[in-house]
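Student: I would like a close look at a single part of this model rather than a tour of the whole. Please choose one pair of neighbouring elements and take me through the residues there, with the cut-offs behind each term.

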Amino acid sequence: MGGGAGARLGARFLPVPADCDLEVGAESVAEFLGEVALLRRRLDAIAESTQRPRGLVEHREWLVRRLRNLEVTALHGRVIGGGVIVR
C-alpha cells in the first residue's frame, strides 16, 4: 500500500514492497483478516498520508478496492483451509 502507513499502525503483513509477493500461511489468515479490518478502519488517514499519483478521492477508492480484494482472497483461503499469496 506504500508509504509505510500500515507499519505505523501496527500492521505486520502490509504494506508489501512492490517487487515482493505477500505469502500468508493458513495459520495466519485470521490475523491477516484482522489487519485488513484495522487498515479499513484507518482508511482516511492512510489515504491522506500515502503517496498517490491520483487525487485523494480516487486514491481512497483504490485503497477500498485493494483491501476488499485482499479480504475476499483471505476469506477464500480460510474456507479451503489454505493460505494467501498476493502478487
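**A charged group and the helix pair around it**

Tutor: Arg68 and Glu71 both belong to helix H4, where they stand three residues apart, about one turn of the helix; helices here are DSSP runs of H or I with at least four residues, strands are E runs of at least two, and both are numbered from the N terminus. Before going further, please keep in mind that this is a predicted model, in which local features need pLDDT of at least 70 and side-chain atom pairs count only at pLDDT 80 or more, whereas totals for chains, interfaces and linings use all residues. Residues are numbered from 1 along each chain as its sequence is written, and side-chain values use heavy atoms, with hydrogens and water left out.

Arg68 makes a salt bridge with Glu71, and their closest N and O atoms are 2.5 Å apart; the term requires a side-chain nitrogen of Lys or Arg within 4 Å of a carboxyl oxygen of Asp or Glu. Arg68 is partly exposed at a relative accessible area of 42%, on a scale where buried means under 20%, exposed means over 50% and partly exposed lies in between, computed with a 1.4 Å probe on protein chains only. Salt bridges with shared partners join Arg68, Glu71 and Arg40 into one network.

The other bridge in that network runs from Glu71 to Arg40, with the closest N and O atoms 3.3 Å apart. This pair links distant parts of the chain, since Glu71 sits in helix H4 and Arg40 in helix H2, 31 residues apart. Glu71, the shared acidic partner, is buried with a relative accessible area of 19%, while Arg40 is partly exposed at 34%.

The two helices that carry this network can now be placed against each other. Two packed helices are described by the angle between their axes and the distance between the axes. The axes of H2 (residues 29-41) and H4 (residues 56-80) come within 10 Å and cross at roughly 160°, the axes being lines fitted to C-alpha atoms, for helices over the stretch in contact, with angles between N-to-C directions running from 0 to 180 degrees. H2 is therefore roughly antiparallel to H4; angles over 145 degrees receive that label, those under 35 count as roughly parallel, 65 to 115 as roughly perpendicular, and the rest as oblique. The crossing of H2 and H4 is left-handed, a word used when the near helix is turned anticlockwise from the far one by less than a right angle, with right-handed used when the turn is clockwise.

On the H2 side, Val29, Phe32, Leu33, Val36, Leu39 and Arg40 meet Leu67, Arg68, Leu70, Glu71, Ala74, Leu75 and Arg78 of H4, where contact means heavy atoms within 4.5 Å. The residues of this contact divide into nine nonpolar, no polar and four charged; Ala, Val, Leu, Ile, Met, Phe, Trp, Tyr, Cys and Pro count as nonpolar, Asp, Glu, Lys and Arg as charged, and the others, Gly among them, as polar.

Among the nonpolar members, Leu33 deserves a separate word. Leu33 lies in H2 and is buried, with a relative accessible area of 13%. Leaving aside neighbours within four places in sequence, Leu33 is in contact with Glu71, Ala74, Leu75 and Arg78. Leu33 and Leu70 are 37 residues apart in sequence, yet their C-alpha atoms are 8.4 Å apart in space.

Two neighbouring details extend the picture. Leu43, found in helix H3 (residues 43-49), counts as buried at 5% relative accessibility and, residues up to four places away in sequence not counted, touches Arg60, Leu63, Val64 and Leu67. Helix H2 also takes part in another salt bridge, the one between Arg12 and Glu31, whose closest N and O atoms are 2.7 Å apart; Arg12 is in the loop between helix H1 (5-8) and strand E1 (22-24), and Glu31 is in H2, 19 residues apart.

For context, a search of the whole structure finds five salt bridges, the chain has four helices and two strands, and buried residues make up 32% of its 87 residues.
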